[in-house]
Amino acid sequence: MAEPSDLKVAVREIIGPIVFAVVGSSFLLAVCGVMQITYFTSKFNDSKIIVCTVIWLGILDVFATINNVTALWEYVIVHFSDFGVLATSPWNINLSPLFSTLSALPVQLFLANRIRKFSTSWVLYGALVILILGPAVLGCMTSVQLQIKAAVVARATVVSVGYAWLALNVACDTILSALMVFYLWRRKTGFERTNKILSRYIQVSLQSAIPVTLCTILILVIGKTKEGTNIHTAFTLNLGRFYTITFMTSLNARIRVREIDNSYSTNSVDLQVRVPSLIRRWIMC
């Protein structure tokens, strides 16, 4: 039987982070749901690929949240106070890198496609796709290796793959955001309305990238400083929800663009020529 001190450590470093993750996951799921409802009620004329991506992320978020709840159920209900089970990582937890990868991949490909339209460079797009596939493969490998080595302490032998996955994700997200800002900034003109719209999208690009990047960096730091514990799962289990928020923020930003459109006179040359063309070709993907 486990000593009381051992159980106290288990609750603090294993169960506690999962409780935090489940509560956070439920809240983030609600936020994503509201953003998706806003998207569909705004009636954007988007391609079927984008609409299917929104639906895919919504379904994935629901299943990921259910997966988090079942992991908590396994720990605190099915195997309550069983220290032997607490020292292992259930399959639910091991699936978290896979769920995050399935969320990140379409979002990053969407951003890469927008950059292709801004830059009109297929070479750059190809390079970005190769870069994006790197963390996707490593994320799947991390889930497989975590499933093979379920013991929490034993997982220290596979952290190198997990660290590479997270670090490459940070690099990928940073590069995508930097390129987006760069090409949007280059499109600025002397027209006030055009500049306002582009400034809005630059702001959105930066704001939407910050949460997911900070979350990934936190996972890296906590995983490095608290190896052999489950503390990092407080953020790992919710990484996919942040990618959904990034995607939906980028799509719903067009609501504000409509408001900017309506704030200008229809007799403006900037309104009739410059901005509509810009939105059709680069922004309204």
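This tour moves through a predicted model, from the whole chain to selected helices, charged pairs and single residues.

**The whole chain**

Begin with the entire protein in cartoon view. The protein has eleven helices and zero strands, and its pattern along the sequence reads α-α-α-α-α-α-α-α-α-α-α. Colouring by burial is a useful second view: of the 285 residues of the protein, 47% count as buried. Among the contacts with a separation of 6 or more, 79% join residues 24 or more positions apart.

**Helices H2 and H5**

Next, select residues 48-78, which form helix H2, together with residues 96-119, which form helix H5. The axes of these helices come within 10 Å and cross at roughly 160°. Because angles over 145 degrees count as roughly antiparallel, H2 and H5 are described as roughly antiparallel to each other. Their crossing is left-handed.

Now show the side chains at this contact. On the H2 side, display Ile-50, Thr-53, Trp-56, Leu-57, Leu-60, Asp-61, Phe-63, Ala-64 and Asn-67. On the H5 side, the contact is made by Phe-99, Leu-102, Ser-103, Pro-106, Val-107 and Phe-110. By character, the residues of the contact divide into eleven nonpolar, three polar and one charged.

**From Asp-61 to Arg-241**

Keep Asp-61 of H2 selected, since it also has a charged partner. Side chains of opposite charge can pair when their charged atoms come close. Add Arg-241, which forms a salt bridge with Asp-61; the closest N and O atoms are 2.9 Å apart. Arg-241 belongs to helix H10 and Asp-61 to helix H2, so this pair links distant parts of the chain, 180 residues apart.

Are the two partners buried or exposed? Arg-241 is buried, with a relative accessible area of 1%, and Asp-61 is buried as well, at 0%.

**The second charged pair**

The count of salt bridges comes to two. To view the other pair, select Arg-254 and Asp-46, whose closest N and O atoms are 2.7 Å apart. Arg-254 lies in helix H10 (residues 239-262), whereas Asp-46 sits in the loop between helix H1 (4-42) and H2. The pair therefore ties together parts that are 208 residues apart in sequence. Both Arg-254 and Asp-46 are buried.

**Thr-213 in helix H8**

Move to residues 192-225, helix H8, and select Thr-213 within this helix. Thr-213 has a relative accessible area of 16% and is buried, because the category covers values under 20%. Which residues does Thr-213 contact once its neighbours within four places in sequence are left aside? Display Val-170 and Asp-173: Thr-213 is in contact with both.

**Cys-140 in helix H6**

For the last stop, select Cys-140, found in helix H6 (residues 122-148). Cys-140 counts as partly exposed, at 34% relative accessibility. Add Leu-98 and Thr-101, which Cys-140 touches when residues up to four places away in sequence are not counted. To check the spacing in the viewer, draw a distance between the C-alpha atoms of Cys-140 and Thr-101, which are separated by 7.2 Å. Along the chain, these two residues are 39 residues apart.

Definitions and conventions: Residues are numbered from 1 along each chain as its sequence is written. This is a predicted model: local features need pLDDT of at least 70, side-chain atom pairs count only at pLDDT 80 or more; totals for chains, interfaces and linings use all residues. Side-chain values use heavy atoms; hydrogens and water are left out. Axes are lines fitted to C-alpha atoms, for helices over the stretch in contact, and angles run from 0 to 180 degrees between N-to-C directions. Helices (H or I, at least four residues) and strands (E, at least two) are DSSP runs, numbered from the N terminus. Angles under 35 degrees count as roughly parallel, over 145 as roughly antiparallel, 65 to 115 as roughly perpendicular and the rest as oblique. A crossing is left-handed if the near helix is turned anticlockwise from the far one by less than a right angle, and right-handed if clockwise. Contact means heavy atoms within 4.5 Å. Ala, Val, Leu, Ile, Met, Phe, Trp, Tyr, Cys and Pro count as nonpolar, Asp, Glu, Lys and Arg as charged, and the others, Gly among them, as polar. A salt bridge is a side-chain nitrogen of Lys or Arg within 4 Å of a carboxyl oxygen of Asp or Glu. Buried means under 20% relative accessible area, exposed over 50%, partly exposed in between (1.4 Å probe, protein chains only).
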